[in-house]
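Dear colleague,

Please find below the structure I promised to hand over, followed by a description of what I found in it. You may like to keep the picture open while you read.

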Amino acid sequence: MVNTKVTLSGLELDNPVIPASGTFGFGYEFAELYDINVLGSIALKGTTREPRFGNPTPRIAECTEGLINSVGLQNPGVDKVIAEELPKLKAVFHKPAVANVSGFSVEDYVAACEKLDKEDQIGLLEVNVSCPNVHNGGMSFGTDPKSAAEVTAAVKAVTTKPVYMKLSPNVTDIADIACACKEAGADGISLINTLMGMRISLKTRQPVIANKMGGFSGPAIFPVAVRMVWQVYEATGLPIIGMGGVQSAEDVLELMLAGATAVEVGAANLVDPLACKTIIDDLPRVMEQYGVERLSDIIGGAH
């Protein structure tokens, strides 16, 4: 009998499969389709200090082996998430969830994380530093080691739960930024977020997405995710939540061999709402096929 359990900074998961933030709502919506308690955890929709309407439409563009999105962090704000969304999730999901937090200033991150840290349903904080820093000319926090470290330290100062920094792949040296987060106190790293992409309509001769550019995700980016998880594992030794184009149980094992302890599934949920369940159901077969008795034994096994 194979063992699919893994442990993220003291948080034991029945399996490493987690729906990625932004592709699974606040989780409870999927409870109508299957028992979502089969999931290792759920990364909740990205939450900000204040409500956000999001970007203008159209927000989605299809691509070969992926899609581009520019939703713009649409969410009701942290107070409503705590008051309205978490109770709905608690009614159908009986495990700790991952809160995904975004911000446009250090103060934004601190305010949202401090509130979510107090919620019993939240087991871990995933801090998305791919957002534009409004006090630094709009450059993403995650593209500058000093900015990423500043957010990390500020969030750690007001929280007690594990803090995983979600990094952007749109950088020249992912390991340098991950090391800066580690030095500032990060408990782990989540990667990769989406790559920047763009489509242009031949009919209108204009960008398909109203925001012109957006985040490219889907199976096409999986090799980039494997490479960056490998690099960050080598550089930091921190626990990693790996993601980026994951579609199958085989992909889960590959990212874990690169260094991931848990694996988030994103765009696949938008294609098939049962994607995570299918991957979890298939894990034991794939583990047996490749002679893996305990998933925890293969973390970083390719190094």
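Before we look at individual strands, one definition is needed: two strands pair if DSSP finds at least two bridges between them. Please also keep in mind throughout that this is a predicted model.

With that in hand, take strand β8 (residues 163-166) and strand β9 (residues 188-191), which pair in the parallel sense over three bridges. Within this pairing, Y164 of the one strand stands opposite G188 in β9.

These two strands belong to an open sheet of seven strands, whose order is β3-β13-β12-β9-β8-β7-β6 and whose pairing is parallel. The edges are taken by β3 (17-19) and β6 (97-101), and because each of them has a single partner strand, one side of each is left without a neighbour in the sheet. From one strand to the next in this sheet, the twist averages 25°.

Helices lie against this sheet as well. Helix α2 (residues 106-117) lies across β6 and β7 (122-128), and the direction in which α2 runs is at about 170° to β7. Helix α6 (residues 249-258) also packs on the sheet, where it touches β3, β12 (240-243) and β13 (262-265), and the direction of α6 makes about 135° with that of β13.

Helix α6 also has helical partners, and it helps to know how such pairs are described. Two packed helices are described by the angle between their axes and the distance between the axes.

How do the axes of helix α5 and α6 cross? The axes of helix α5 (residues 222-236) and α6 come within 8 Å and cross at roughly 30°. Since angles under 35 degrees count as roughly parallel, α5 is roughly parallel to α6. On the α5 side the contact is made by F222, A225, V226, V229, W230 and Y233, while α6 brings D251, E254, L255 and A258. Sorted by class, the residues of this contact between α5 and α6 are eight nonpolar, no polar and two charged.

The other pairing to look at is that of α6 with helix α8 (residues 275-289), where the axes again come within 8 Å but cross at roughly 70°. An angle from 65 to 115 degrees counts as roughly perpendicular, and therefore α6 is roughly perpendicular to α8. The crossing in which α6 passes α8 is right-handed. Here the contact is made by A249, E250, V252 and L253 of α6, together with I279, D282, L283, R285, V286 and M287 of α8. The contact of α6 with α8 has seven nonpolar residues, no polar ones and three charged ones.

There is also an open sheet of four strands, arranged in the order β4-β5-β11-β10, in which the pairing is antiparallel. At its edges stand β4 (60-63) and β10, each with a single partner strand, so one side of each is left without a neighbour in the sheet. The twist in this four-stranded sheet averages 35° from one strand to the next. As one example of the pairing, β4 and strand β5 (residues 66-69) pair in the antiparallel sense over four bridges, and I60 stands opposite N69 in β5.

Finally, please look at S201, which lies in the loop between β10 (195-197) and β11 (214-217). A polar atom of the side chain of S201 lies 3.2 Å from the backbone nitrogen of K203. Leaving aside residues up to four places away in sequence, S201 touches Q206 and V208.

With best wishes

Definitions and conventions: Residues numbered from 1 in each chain as written. Predicted model: local features only at pLDDT ≥ 70, side-chain atom pairs only at ≥ 80, totals over all residues. Heavy atoms only, no water. Axes fitted to C-alpha atoms, helices over the stretch in contact; angles between N-to-C directions. Contact = heavy atoms within 4.5 Å. Polar contact = N/O pair within 3.5 Å; in protein donor to acceptor, adjacent residues only side chain to side chain. Parallel < 35°, antiparallel > 145°, perpendicular 65-115°, else oblique. Nonpolar A, V, L, I, M, F, W, Y, C, P; charged D, E, K, R; others polar. Left-handed = near helix turned anticlockwise from the far one by under 90°.
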